[in-house]
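Subject: Model for you to look at

Hi,

Here is the structure I said I would pass on. Please open it alongside these notes.

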Amino acid sequence: MTPRRPWPLNVEGIAYGGDYNPEQWPLEVQLEDVRLMKEAGVGLVSVAIFSWAQLEPREGDFDFAWLDAVLDRLHMAGIGVALATATASPPPWLTRKHPEILPRLADGTVLHQGSRQSYAVASPVFRNYALGMTRRMAERYGDHPALAVWHVDNELGCHVPHDYSDAAAKAFRHWLRARYGTPAALNAAWGTAFWSQRYDSFDEILPPLSAPTFVNPTQQLDFARFSSDELLTHYRALRDVLREVTPDVPTTTNLMMSTATKWMDYFSWSQDLDLVANDHYTVARDPEAHIELAFSADLSRGVAGGEPWMLMEHSTSAVNWQPRNRAKGPGEMLRNSLAHVARGADAVMFFQWRQSAAGAEKYHSAMLPHAGEDSDVWRGTLELGRRLRALAPVRGSRVSADVALVFDYPSWWASEMEGHPTQALSYPDEAMRWYRALWQRGITVDIVSPGAVPTDHRVVIVPTLYTVDDSAAARIAEAAHEGASVLVTFFSGIVDEHDHVRLGGYPGAFRELLGVRTEEFHPLLQDETLTLDDGTRASLWSEKTRLEGAQAVRTWADGPLEGLPAVTRNRAGRGSAWYVGTRPDADGVARIVDALLDEAGVAPVAAGLPLGVEAVRRRADDGTSYLFLINHTHQDVDVAAVGHELIRGQDVSARLTVPALETAVVRER
Ligand code: GAL
């Protein structure tokens with residue numbers, strides 16, 4: 001086991017708080033803020049994220065007095081600060097003076113000021129200004145006793161994951177030179193013999209700008225990799241200044257790990273963060289938003305290498321950026337918050353502390369709403385503070401899981417490109433089909449990158465791992481050989497890291513492990529379904545597969561592939577390797593998952609829970625375990641448990657009732 005990284009945040013218990021934007025309010029409100037923060041038990045707030053224009057109203061003319069006073073007041077009240085570099089949105093004077101720092105879309109559209117994040121991340125001019133501001137912040141506040149953690153920029157890549165400016169084009173060429181060395185190597189990797197795309201020099205290369213039809217897919221894939229790397233490069237540059245000036249203060253930035261944020265390869269970022277921080281918002285129209293939340297939290301823990309992580313932002317109630325912004329229902333915010341803690345969060349923070357009266361986010365909920373203290377939202381804020389204090393002993397404990405699910409950003413990018421057998425594939429949907437079935441069975445899942453597949457988990461799910469290099473493919477095979485039941489789904493192992501097809505039959509990289517060989521894909525039309533021999537309806541995908549050592553678990557019962565295998569199982573060392581060459585309906589997925597769990601001997605965290613009751617266990621180094629129970633249903637539920645329930649402060653001798661829509665946390669030893 002890798003040595004544990006100590007939690008670097010010097011805040012007591014589970015850190016609690018949110019984004020705090022005092023520059024939007026007069027002094028008397030700021031004074032009230034601190035009083036109410038204390039009342040709610042807030043211990044950490046993120047400050048100065050969007051304060052650049054307030055701190056430097058004219059170039060070189062700084063006004064730190066207001067922020068000095070804010071930090072002093074917070075410190076006097078015992079509240080720590082996640083202090084931003086204030087660089088997330090360049091001030092108007094900067095974009096006016098240097099319009100070349102504005103980002104551009106693939107069609108050349110310039111993204112102007114007047115909103116936020118109007119910068120080309122690869123622009124050396126912008127980088128210099130951002131470094132200068134960061135140094136100012138570090139020099140001014142590096143010794144401030146309220147400073148707990150540095151918060152670099154904000155949600156890097158949130159609005160502009162891909163920039164096509166001249167600065168980006170130049171940096172892309174530089175990145176390609178470092179990756180390939182010569183145009184010949186690039187030509188080979190990009191397959192430029194196709195469509196007269198041969199490059200004679202790196203200078204001829206552009207980002208994948210709008211073009212008559214499909215742009216070279218390897219160029220697109222490399223541009224996606226470059227763009228993620230370039231955002232990380234920006235983070236590193238700012239972080240290095242902070243480390244130079246304040247070597248003892250941890251540094252992070254808020255990631256956006258969910259099924260919606262596609263373009264940053266966060267697994268490749270994690271080593272650069274002193275602690276992993278995530279922002280997560282539930283989607284109002286999703287009746288199973290709590291399952292997607294669990295996925296996001298498990299992914300955050302995966303990116304954190306299994307260590308505790310920080311929930312940097314979520315919402316107390318409605319957001320304001322979905323088409324219809326539903327207010328959260330009774331207990332929903334508390335369930336959301338504790339579900340994050342159950343899955344490893346040691347900090348629960350919100351956007352934002354006080355709901356804005358002006359600006360683009362005035363209808364976004366906050367810890368303190370427009371309605372003020374006489375409101376259910378505020379009462380929820382107080383109640384969460386109380387619960388997190390009761391959960392302080394949980395801090396530092398780790399989540400245990402028997403099942404791993406492989407998630408891979410480059411496969412997301414590459415599998416959904418144009419010119420493929422189907423345009424209807426959604427990579428996160430495929431991952432969620434399997435994750436959802438596991439969630440519904442009360443099985444905790446570690447979400448891991450292909451290069452870090454553990455060999456000590458009993459089940460490993462590999463959904464649509466379209467692009468995979470030889471070493472990751474070998475690692476997945478090794479997990480099976482070491483005893484895991486490995487399940488691989490369709491359109492996996494198809495191409496190498498350059499998006500070149502692995503020839504000789506699909507699924508190239510996994511053919512041997514799985515003991516199958518597919519000679520042709522048969523994607524299905526919209527609304528078309530076919531039937532498997534157990535009655536499962538299957539959609540989206542089928543393929544002409546032959547057994548080469550594996551056994552058929554399900555065959556096609558109708559359609560052009562009738563009688564051919566659709567789901568197979570192969571023996572692999574001490575474990576097994578399953579292949580699912582289609583998209584089964586939810587019942588079909590459930591039956592396969594049951595067979596897999598049964599074969600691997602994996603049991604739910606708590607036996608016999610009704611659907612919709614979430615159970616997750618965290619274990620401390622000293623052997624104490626904490627059983628989190630989150631009841632998303634409208635019925636009270638009776639659970640077998642022994643120990644001490646922390647939220648209500650009651651001993652539990654055999655059974656515990658978790659009321660409808662409520663949560664409980666049992667310290668088991
Ligand atoms: C995040 C962002 C916050 C706020 C929030 C609203 O993306 O970091 O500043 O805009 O969304 O949900």
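**Strands 8 and 9**

Met310 has Ala347 of strand 9 as its bridge partner. That pair belongs to a parallel pairing: strand 8 (residues 309-313) and strand 9 (residues 345-350) are joined over three bridges. Bear in mind throughout that this is a predicted model.

**The parallel sheet**

Strands 8 and 9 sit in an open sheet of nine strands. The order is 5-4-3-2-1-9-8-7-6, and the pairing is parallel. Which strands stand at the edges? They are strand 5 (251-252) and strand 6 (254-255). Each has a single partner strand, so one side of each is left without a neighbour in the sheet.

Helix 11 (residues 376-390) lies across strand 1 (15-20) and strand 9. Its direction makes an angle of about 145° with strand 1.

**The ligand site**

The ligand has these residues around it: Phe50, Arg116, Asn154, Glu155, Asp279, Tyr281, Glu313, Trp321, Phe351, Glu361 and His364. By class, the shell splits into four nonpolar, two polar and five charged residues. Glu313 of this shell falls within the range of strand 8, residues 309-313.

Three side chains make polar contacts to ligand oxygen atoms:

- Glu155: a side-chain N or O atom is 2.3 Å from a ligand oxygen.
- His364: a polar side-chain atom lies 2.7 Å from a ligand oxygen.
- Arg116: a side-chain N or O atom is 2.9 Å from a ligand oxygen.

How much of the ligand does the protein cover? On its own, the ligand has 310 Å² of accessible area, and the protein covers 95% of that.

**The antiparallel sheet**

A further open sheet has six strands, in the order 10-23-24-29-26-27. Here the pairing is antiparallel. Its edge strands are strand 10 (398-399) and strand 27 (650-652), and each pairs on one side only.

Look at the strand 27 end. Strand 26 (residues 643-645) and strand 27 run antiparallel, joined by three bridges. His644 has Asp651 of strand 27 as its bridge partner.

Helix 10 (residues 332-342) lies across four strands of this sheet: strand 10, strand 23 (613-619), strand 24 (625-631) and strand 29 (663-667). Helix 10 runs at about 150° to strand 24.

**Backbone points to check**

Two cis peptide bonds deserve a look. One joins Phe351 and Gln352, with omega about -5°. Phe351 is also one of the residues around the ligand. Gln352 lies in the loop between strand 9 and helix 11.

The other runs from Tyr506 to Pro507, where omega is near -10°. Pro507 is in the loop that links strand 14 (485-489) and helix 15 (511-514).

Finally, Ala86 has a positive phi, near 65°, though the residue is not glycine. Ala86 is placed in the loop between strand 3 (80-84) and helix 4 (92-97).

Best wishes

Terms used. Residues are numbered from 1 along each chain as its sequence is written. This is a predicted model: local features need pLDDT of at least 70, side-chain atom pairs count only at pLDDT 80 or more; totals for chains, interfaces and linings use all residues. Side-chain values use heavy atoms; hydrogens and water are left out. A residue is near a molecule or strand if one of its heavy atoms lies within 4 Å of it. A polar contact is a pair of N or O atoms within 3.5 Å; within protein, one must be able to donate a hydrogen and the other to accept it, and residues adjacent in sequence count only if both atoms are side-chain atoms. Accessible areas come from the Shrake-Rupley method with a 1.4 Å probe; for residues, only the protein chains shown count as cover. Ala, Val, Leu, Ile, Met, Phe, Trp, Tyr, Cys and Pro count as nonpolar, Asp, Glu, Lys and Arg as charged, and the others, Gly among them, as polar. Two strands pair if DSSP finds at least two bridges between them. Helices (H or I, at least four residues) and strands (E, at least two) are DSSP runs, numbered from the N terminus. Contact means heavy atoms within 4.5 Å. Axes are lines fitted to C-alpha atoms, for helices over the stretch in contact, and angles run from 0 to 180 degrees between N-to-C directions.
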